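Okay, thanks everyone, let's get going. I'd like to spend a few minutes on charges and cysteines, so here's what I've been looking at.

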Amino acid sequence: MADTLEFNEIYQEVKGSMNDGRLRLSRQGVIFKNSKTGKVDNIQASELAEGVWRRVALGHGLKLLTKNGHVYKYDGFRESEFDKLSDFFKAHYCLELAEKDLCVKGWNWGTVRFGGQLLSFDIGEQPVFEIPLSNVSQCTTGKNEVTLEFHQNDDAEVSLMEVRFYVPPTQEDGVDPVEAFAQNVLSKADVIQATGDAICIFRELQCLTPRGRYDIRIYPTFLHLHGKTFDYKIPYTTVLRLFLLPHKDQRQMFFVISLDPPIKQGQTRYHFLILLFSKDEDISLTLNMNEEEVEKRFEGRLTKNMSGSLYEMVSRVMKALVNRKITVPGNFQGHSGAQCITCSYKASSGLLYPLERGFIYVHKPPVHIRFDEISFVNFARGTTTTRSFDFEIETKQGTQYTFSSIEREEYGKLFDFVNAKKLNIKNRGLKEGMKQSYDEYADSDEDQHDAYLERMKEEGKIREENANDSSDGSGEETDSSFNPGEEDDDVAEEFDSNASASSSSGDGDSDREDKKPAKKAKIVKDRKPRKKQPESKKGKDPNAPKRPMSAYMLWLNASREKIKSDHPGISITDLSKKAGELWKAMSKEKKEEWDRKAEDARRDYEKAMKEYSVGSKADSHRGERSKKKKKKQEKQVKGKGDKKGATSKSSSSKSPAKGMSDSFKSKEFVSSDESSSAESKKEDSEDEGAASPAASSEDSASGSD
């Protein structure tokens, strides 16, 4: 048989709520760890008195009773696990795991039995319900009635506030059954009563949460905070952890008390009690007990007369009464030498302390996160400045904590700490949506590249691209207010090779039509160069020689496959790092060989560049000559158009349309040969000959009239 049994997703019933966690049974005893608070319940095997298996709402449950009267309930087991648990209890605990079913008759009349810290309401031999008396906050009596009030639990969706029992009168003289019932309840109930004097009192201590100055009275079983407005009574059983944290200014100390359940004031819950002390404050303390009682109770941890710093005395007394260790910062040291990091959480500035087993943030609101409940951490760039970053923590329950505005200088120290604690790092890059791998950002070695600088360069590139896109978008917005069809016509006229001829041919139109194209042409002139700006930025000549590689890049290209074969499955980033290490460790003689190859490549590149520059100059000269020739031809065509326009004006009113169509010649019909000028002269003479007979016939017609 196995020496241990482990069960996940087991629920422990505590004050009306079900806390999930993990249950482990071993030879030494039973251990349950709460997933939410991290609190561990340890039951020694020698303390177990009884084990009960029964059917409950969440499947099947296990109830354990100890010899000192404590009751522990664990639910969430499967029916098939009974045999395994029963055999384990017989073999290791020498206990018979009894099966008891609850009574479901629905009767409300039965017998109350008190067993240890448990009140059981039974019908016959079967229990109907059970009440742990530690959940009772108050017990009041009336005529034949006893009322039990319970501690309110914030974690429970529905809380039971009170239960009333009717106790019938009896014929026995001198015994009041109602009072007897109440005394049995009060003897085991968690009712805080300040009986007797306090062990010691600390006056006017500065408290950050809840805010104010309080007198702290130390009683044997609870802590009493007495302020001007509010009073709080804190049982030592609700204290989970104690923290003693040095302030960043090295002149003050935080003493933090973690509470579960929290103290309440109206609808406000305080899960942490934070006291602030100055290191310069001293105190002489005398306990309100004789030396024998102090020695017997505290076993040398406290003495009757003590003196020292105020924060040391408070922490020492609390440690002895609560019987818990005080957590202090570990070996973490920030950029400034402090054991904490200045940051912001939920718009309030505070201090983040990396501890040996978690993180704690003070003070508004206080947050404690254990390493075992962290799913992953994330380093992210802040949205407002490049001189700080954000540290994000996500728990396994899906809760996310973001500590922002951390100074850039703290990044290396914090990353090394997280890496040493083997926390899962999942970097999601910039918050604006830029995807970035963690390796480029998280490199904290000084001799490596600056990850921040690379990120800022990438941001600049994206910002420039966005600016170009926005300029194009603004141009499209201005275009949308015009008619697209008219726009196309205007563009064709503006960039036509014979724009002046076409504009002069429309002189016969009205003035309104003359003004309209002029306005559109002006708009097009303002708009078109802006659209062509991105095109002018494009491009690099594909025929230009490529730049030579450095000695390292030549070696890397030659060695890449060998590194991949030596380290199968290596990522691109790790391959680059490994190559850098190999290159750094390479001997000087081998590096000189690659330096010579790089020098040869550089000389070849310079030679190719000279040849390329000579060829490009010759091409540019030829291009300039061809441009001059085209301009000369365009001027000739323009002169002919002006001449034809004058001829068409002197002709009759019937011929202008014909003259206008003949005089206009677009760029496609202009020949580049020298014969084009002779042909155009011949066409002009033919046009003139055709025009003269038409004129003479019109004269004769007018004479006959």
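I'll go through the salt bridges, then the charged patches, then the cysteines. One thing up front: this is a predicted model.

Right, salt bridges. How many does the structure hold? The total is 19, and I've picked out a few to talk about.

Start with R370. This arginine pairs with D372, and the closest N and O atoms there are 3.1 Å apart. R370 also meets the side chain of E373 in a salt bridge, at 3.8 Å from N to O. So who's buried and who's exposed in this little group? R370 is buried, at 8% relative accessibility, because anything under 20% gets that label. E373 is buried as well, with 11%. D372, on the other hand, comes out as partly exposed, at 35%.

Now jump along the chain to helix α13, which covers residues 588–650. In that helix, D600 and R603 sit three residues apart, about one turn. Their closest N and O atoms are 2.5 Å apart, and they form a salt bridge. Both ends are partly exposed: D600 has a relative accessible area of 37%, and R603 has 43%. And the pair isn't on its own, since E599, D600, R602, R603 and E606 are linked in a network of salt bridges.

Okay, patches. On the negative side, we've got E79, D83, D87, E99 and D101 forming a surface patch. Take E99 as one of that group: you'll find it in strand β8, residues 97–99, and E99 is exposed, at 57% relative accessible area.

Which residues make up the positive patch? That one is R301, K319, K325 and R357. Among them, K319 is in helix α4, residues 310–322. K319 counts as partly exposed, with 42% relative accessibility.

Last bit, cysteines. A disulfide is a covalent bond between the sulfur atoms of two cysteines. How many disulfides do we get here? The count comes to zero. Why doesn't C343 have a bond? Well, the closest cysteine sulfur to the one in C343 belongs to C340, and that's 9.1 Å away, so it's too far for a bond. For reference, the cut-off for calling a disulfide is 2.5 Å between the sulfurs. C343 is also buried, at 1% relative accessibility. C200 is another buried cysteine, with a relative accessible area of 4%.

That's my lot, so over to you for questions.

Terms used: Residues numbered from 1 in each chain as written. Predicted model: local features only at pLDDT ≥ 70, side-chain atom pairs only at ≥ 80, totals over all residues. Heavy atoms only, no water. Patch = residues over 30% accessible without salt bridge, like charges linked within 9 Å, V, L, I, M, F, W, Y side chains within 5 Å. Areas by Shrake-Rupley, 256 points an atom, 1.4 Å probe, with all protein chains shown as cover. Salt bridge = Lys/Arg side-chain N within 4 Å of Asp/Glu carboxyl O. Lys, Arg positive; Asp, Glu negative; His and termini not counted. Charge placed at Lys NZ, Arg CZ, Asp CG, Glu CD. Helix = DSSP H or I, 4+ residues; strand = E, 2+ residues; numbered from the N terminus. Buried < 20%, exposed > 50% of the residue type's maximum accessible area, 1.4 Å probe, protein only.
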